[in-house]
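Me: I would like a close look at a single part of this structure. Please take one strand, go through its surroundings, and keep it brisk.

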Amino acid sequence: MVAQFLTKIDEEPNFLTNILWSDESRFTNDGVINRHNSHYWSDSNPHWTKDVNFQVKWGVNVWCGILGDTLIGPYFFDGTLTGNKYRDFLNNEIPKFLENVSLEQRLRIYYHQDGAPAHNSNIVRESLTEIFGVNWIGTYSPEIRWPARSPDLTPLDFFLWGFLKQVVYITPPVTVEELKNRIVHACESIPKNMLLKVTHHEVLKRMEMCLKWKCICNSCL
């Protein structure tokens, strides 16, 4: 997979900035960051939040996307993410999010998703093909297949979720609406040059390192 990506970049120098990287994450009121799944990238050492004890735990499921220097979303899912919910999101919400993207760039977009069960249902894969043709990247995508466990390569995993949670959890949120508002404001606070650096230079550097050191499974190479 990494070799495919690097070949694609040689063929299309702007390939990385045309990928709409997407992912979901769970934000809760207790301010806990899952350090195993959230890989925070920064020029300086991040200060992770500490666990806080709450008698009642609640939270929201958040989708975000990054396209070049633009953060798309957030979108909040109600309850557990299922194939039907995700398909409806792709069909009804993604077109709205892309309204401000030029038609020229929309025609070049590659939609990326990880291997979450809801992403891999047949109805979701059919919708992705209807919307993006062969230009989508996932576990069962038609051209470039994404490995099931590769958080160190995706900018939402190694950068975005850690950045947002560091901002959101400065103090514990009291209500769901407050939590959502903090997430929205945190998304709006990210500079475009930081997003571009993450989606282009940092992703490329990580892929080149994986290929050089063969530090992930052979199927990824």
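Reply: What follows is a walk around strand S2, with a short look at two helices afterwards.

The model is predicted. Start with the sheet. It is open and has 5 strands, in the order S3-S2-S1-S4-S5. The pairing is mixed. Strand S3 (70–77) and strand S5 (136–137) form the edges, and each pairs on one side only. In the strand order, S2 sits between S3 and S1.

Now the strand itself. S2 covers residues 59–67. How many of its residues are buried? The count is 9 of the 9, so S2 is largely enclosed by the rest of the structure. The cut-off behind this is a relative accessible area under 20%. Both sides of the strand share in the burial. Gly59, Asn61, Trp63, Gly65 and Leu67 point one way. Val60, Val62, Cys64 and Ile66 point the other way. The first group thus includes Trp63 and Asn61, and the second includes Cys64.

Next, the neighbour S1. This strand spans residues 19–28 and runs antiparallel to S2. The two are joined by 9 bridges. Two facing pairs fix the register. Leu20 stands opposite Leu67 of S2. Trp21 stands opposite Ile66 of S2. Leu67 and Ile66 point opposite ways from S2, and both are buried.

On the other side lies S3. S2 and S3 are also antiparallel, with 6 bridges between them. Here Leu67 appears again: its bridge partner in S3 is Thr70. Leu67 therefore has a partner on each side, Leu20 in one direction and Thr70 in S3 in the other.The hairpin of S2 and S3 has 2 residues between the strands. One residue of this hairpin, Gly68, takes a positive phi near 65°.

Two helices complete the picture. Helix H1 covers residues 2–11. Its buried residues are Val2, Phe5, Leu6, Lys8 and Ile9. Seen down the axis of H1, they fall within an arc of 160°, so they line one face of the helix. The face turned away from that buried side carries Asp10 and Glu11, which are exposed.

Helix H8 spans residues 192–213 and contains His201. Is His201 buried or exposed? His201 has a relative accessible area of 53%. Exposed means over 50%, so His201 counts as exposed. His201 also lies 9.2 Å from Leu16, C-alpha to C-alpha, although 185 residues separate the two in sequence.

Key:
Residues are numbered from 1 along each chain as its sequence is written. This is a predicted model: local features need pLDDT of at least 70, side-chain atom pairs count only at pLDDT 80 or more; totals for chains, interfaces and linings use all residues. Side-chain values use heavy atoms; hydrogens and water are left out. Two strands pair if DSSP finds at least two bridges between them. Helices (H or I, at least four residues) and strands (E, at least two) are DSSP runs, numbered from the N terminus. Buried means under 20% relative accessible area, exposed over 50%, partly exposed in between (1.4 Å probe, protein chains only). The arc is that of the directions from the helix axis to the C-beta atoms.
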